[in-house]
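Trainee: Could you take me through one part of this model in detail? I would like to see how a single helix sits in the chain.

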Amino acid sequence: MAPRPPTAKPQESVTFKDVAVNFTQEEWHHVGPAQRSLYRDVMLENYSHLVSLGYQVSKPEVIFKLEQGEEPWISEKEIQRPFCPAFCLSCKKCGNFCTLYFF
């Protein structure tokens, strides 16, 4: 008798919030032009991929801002994490080595 293939486990749906990176106004000012361009490209691409997979929620505000060439930062209250400027070598607040990954 041939071995049975493993049963696939159901996976949870991915939301835009799961793949988005958000900045406060203060954090955004620490991001250089090349990183801003990369951020824009990756965020728009991530959103496009989700839409192509059937993601059917209203377009996030950050995507509207990016499409219009506006600065995409959001208010400090909307971010549920401690402040740490992107791309810093040693954060003065947390003391950690900080890096920002888009993927």
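Mentor: Happy to. Let us start with a definition: the expected span of a helix is 1.5 Å times one less than its number of residues. Helices here are DSSP runs of H or I with at least four residues, and strands are E runs of at least two, numbered from the N terminus. This is a predicted model, in which local features need pLDDT of at least 70 and side-chain atom pairs pLDDT 80 or more, while totals for chains, interfaces and linings use all residues. Residues are numbered from 1 along each chain, and side-chain values use heavy atoms, without hydrogens or water.

Our part is α3, with 20 residues. From its first C-alpha to its last, α3 reaches 29 Å, close to the 28 Å expected. The chain has four helices and zero strands. Just after α3, G54 takes a positive phi of about 100°.

Now look inward. The buried residues of α3 (under 20% relative accessible area with a 1.4 Å probe, protein chains only) are Y39, V42, M43, L44, N46, Y47 and L50. An α-helix has 3.6 residues a turn, so residues three or four places apart point the same way. The cover over the buried residues of α3 includes α1 (16–19), α2 (25–28) and α4.

α3 also feeds the largest nonpolar core, a set of buried Ala, Val, Leu, Ile, Met, Phe, Trp, Tyr and Cys residues joined through side-chain atoms within 4.5 Å. That core has 15 residues, and Y39 and M43 are among those with the most contacts inside it. Two or more core residues come from each of α3 (33–52) and α4 (61–67), and α3 gives the largest share, five residues.

Methods
Buried < 20%, exposed > 50% of the residue type's maximum accessible area, 1.4 Å probe, protein only. Contact = heavy atoms within 4.5 Å.
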